[in-house]
Amino acid sequence: MATGIAAGCGNLYYGTIGCRGQGCRQASWISSLKLDGSSQRELSWSHGVSKFLRLQRCNLLPVSENWKSLKTVSASSCLRGGSTKYFDFAVIGSGVAGLRYALEVAKHGSVAVITKAEPHESNTNYAQGGVSAVLCPSDSVESHMQDTIVAGAYLCDEETVRVVCTEGPDRIRELIAMGASFDHGEDGNLHLAREGGHSHHRIVHAADMTGREIERALLEAVVNDPNISVFEHHFAIDLLTSQDGPDTVCHGVDTLNNETQEVVRFISKVTLLASGGAGHIYPSTTNPPVATGDGMAMAHRAQAVISNMEFVQFHPTALADEGLPIKPNKTRENAFLITEAVRGDGGILYNLGMERFMPLYDERAELAPRDVVARSIDDQLKKHNKKYVLLDISHKPREKILSHFPNIAAECLKYGLDITRQPIPVVPAAHYMCGGVRAGLQGETNVLGLYVAGEVACTGLHGANRLASNSLLEALVFARRAVQPSIDHMKNANLDLSASSWWTQPVVPESLGSDVMLSILRTTREVRKELQSIMWKYVGIVRSTTRLRTAERRISELEAEWETYLFEHGWEQTFVGLEALEMRNLFCCAKLVVSSALARHESRGLHYTIDFPHVEESKRLPTIIFPSLVNSTWSSRQLHKLPVC
């Protein structure tokens, strides 16, 4: 894995960071490339990302056999036990980004929407606060841009920010035209809320269940579209890629049907990766159980460029079950989110001594950006040796609280807490990945035929910290922007019916027997908890070089132990099982986060390290992880890296 800081001011430096044996970290700056003026422009996020990154890969990676020659390979019997499906477009993920894109490209061809669980089970469905957009005469695109850039600690790409803030209002109007119902005020206009980091009221919402309403409207439209086929409970294993000269080309994806245990191969002209985030690399996250970093890990294995993985957003206010009057009977799979809008509506944070503490940390108090609030809460917890703080909205009128936050009120009431009379116990939890697969202004990646949108993508919008309610906005804008280049690519691509035989087939390990599989399952679950514990302890809200290096060593050792255990019990490289595949992806994403964090020698936005506590202007550059062919672990290798021959 090559990690470094990409410069947009004349020189590009990239360094290799990788393990040479257990617990070893080696960094060496191996090249610098002098750029002329035009190349400098191309290096910016918004200009020629794909072209530039392909140029870099030419310098980094050997050119393999031209993929077109593979078409002469005869069909083999390696697909027994599986099936192949052919589509013009394959969409991996059923959140707002995947569904919005599917509805547009379906006007031009057949679409497969591949989703890991039920279609509604996505981060979109759990988004409470809303969508930010300039819809008020007193607001402006420039103001929204400024708020985004300030929250992003000036690491945002300005052109990306302008595009998203400019096109956002039209994307909202499209949702309304499709039947999404948002809250209106007494004047009949959309009710616009305000959240932390925003200078204006610009959050369009549906009470505290905005994501659920958007998902409902989009799913209804998808179900009624005859050109869209939805494949539920299909876990995406790996992207299907080949080499065309210096270019990596995507031809679809292998999946595991979790209900039938059948491997299903999707061959497509265009693939959109909209698979969400990686919150479950941490033990407590607001993300649904499906958010195990599958898309980021798959893209990394497929030679896509990854960026800014050190910027993990911890939402300051997840419900702290330990502070509830009645404790839940079992541990939640994902933390229950207490939306930013509670603070936007006047909610006040107190420690358990009922001391209001946010004014001590930031003049914006409870309306400070999330990274500031999360660090402040973390500091209070450590100072007072407590496990949660309190968020109080009870001083507001009861009717207003219940109308704005019915979902939160109902959830708390189940455990004996009336938020109209009592403060809510809250604690930070992993929430959003600002980094991901590096994308250009049209959602394009350095892998031909592969586009990205939503949390899996790193577009340059969020910089070092996402502004509240900009995530759904980004997903809508980039899903729409990826449509036309996808259609163009589809029209110029051929669907080769013999393509399914180009890659080896993943295998469900029925031969191992139930006892061995149960043992592997138990061990994998223990390893997962251990990885999450390492990430929380050493790669959390406040970091240090020593802790990051400890995390790197311990993750490497844990991964090696787990893989050794698997293969000693008969597991093979091509074997697939849901929890093992998730574990593989969690390891991959955890390593990407740690490597990126070690590469940034400053504190910016969500990345705060006590060894480099200040912002350094010279380091105001994205972190880049270039593709590497040196993949020493199972989590880093594609299951079918080499075509059948």
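# Notebook: cavities, cysteines, helix 5, strand 16

**Cavities.** I started with enclosed space and found two cavities of 30 Å³ or more in the structure. This is a predicted model, so I read every value below as computed from it. I took the second largest cavity and noted about 50 Å³ of space inside. Which residues line the second largest cavity? I listed Val-312, Phe-314, Asp-371, Ala-374, Arg-375, Ile-541 and Leu-606. Next I looked up the elements behind that lining. Strand 14 (312-319) and helix 11 (370-384) each supply at least two of the residues. Helix 11 gives the most, with three residues. By class I noted five nonpolar, no polar and two charged residues in this lining.

**Largest pocket.** I then turned to open space. The largest pocket holds about 1,400 Å³. Its lining has 39 residues, and those closest to the pocket centre are Pro-283, Ser-284, Thr-285, Thr-331 and Arg-332. I checked which elements give two or more residues to this lining: strand 14, helix 11, strand 17 (424-433), helix 16 (514-538) and helix 18 (578-599). Strand 14 and helix 11 are thus on my list for the pocket and also on my list for the second largest cavity. Helix 16 has the largest share of the pocket lining, seven residues. How does the pocket lining divide by class? I noted 14 nonpolar, seven polar and 18 charged residues.

**Cysteines.** I searched the whole structure for disulfides and got zero. For background, a disulfide is a covalent bond between the sulfur atoms of two cysteines. I followed up on Cys-156. Why is Cys-156 without a bond to its closest cysteine sulfur? That sulfur belongs to Cys-434 and lies 8.8 Å away, which is too far for a bond. The cut-off for a disulfide is 2.5 Å between the sulfur atoms. I also looked up exposure. Cys-156 counts as buried, at 12% relative accessibility. Cys-136 is partly exposed, with a relative accessible area of 26%.

**Sheet 6-8-7.** I traced an open sheet of three strands in the order 6-8-7, with antiparallel pairing. Its edge strands are strand 6 (131-132) and strand 7 (192-193), and each pairs on one side only. Strand 6 is joined to strand 8 (residues 203-204) by two bridges, and the two run antiparallel. Across that pairing I found Val-131 opposite Val-204 of strand 8.

**Helix 5.** Is helix 5 (residues 141-151) largely enclosed or open? I found eight of its 11 residues buried, so the helix is largely enclosed by the rest of the structure. The buried ones are Val-141, Ser-143, His-144, Met-145, Asp-147, Thr-148, Ile-149 and Ala-151. I asked what they pack against and noted strand 6, helix 6 (158-177) and helix 14 (471-481). Strand 6 is also an edge strand of the 6-8-7 sheet.

**Positive phi.** I scanned the backbone next. Most residues other than glycine have a negative phi. Ala-153, just after helix 5, takes a positive phi of about 55 degrees. Tyr-154 is not a glycine either, and its phi is positive at about 60 degrees. I placed Tyr-154 in the loop between helix 5 and helix 6. Tyr-154 is partly exposed, with a relative accessible area of 44%. Where does Asn-385 lie? I found Asn-385 in the loop between helix 11 and strand 16 (389-392). Asn-385 is not a glycine, yet it has a positive phi of about 55 degrees. At 69% relative accessibility, Asn-385 counts as exposed.

**Strand 16.** From that loop I went on to strand 16. Val-389 and Leu-391 point one way, Leu-390 and Asp-392 the other way, and all are buried. I checked the neighbours. Strand 15 (residues 348-350) is joined to strand 16 by three bridges and runs antiparallel to it. Strand 17 also pairs with strand 16 in the antiparallel sense, over three bridges. Which residues are the bridge partners of Leu-391? I noted Leu-349 in strand 15 and Ile-424 in strand 17. Strand 17 was already in my notes, as one of the elements of the largest pocket lining.

Definitions and conventions. Residues are numbered from 1 along each chain as its sequence is written. This is a predicted model: local features need pLDDT of at least 70, side-chain atom pairs count only at pLDDT 80 or more; totals for chains, interfaces and linings use all residues. Side-chain values use heavy atoms; hydrogens and water are left out. On a 1 Å grid over the protein atoms alone, a cavity is a set of points where a 1.4 Å probe fits but cannot get out, and a pocket is an open set with protein on both sides within 12 Å along at least five of seven lines; lining residues have an atom within 4 Å of a point. Grid points are joined across faces, edges and corners, and a volume is the space filled by probe spheres set on the points. Helices (H or I, at least four residues) and strands (E, at least two) are DSSP runs, numbered from the N terminus. Ala, Val, Leu, Ile, Met, Phe, Trp, Tyr, Cys and Pro count as nonpolar, Asp, Glu, Lys and Arg as charged, and the others, Gly among them, as polar. Buried means under 20% relative accessible area, exposed over 50%, partly exposed in between (1.4 Å probe, protein chains only). Two strands pair if DSSP finds at least two bridges between them. Contact means heavy atoms within 4.5 Å.
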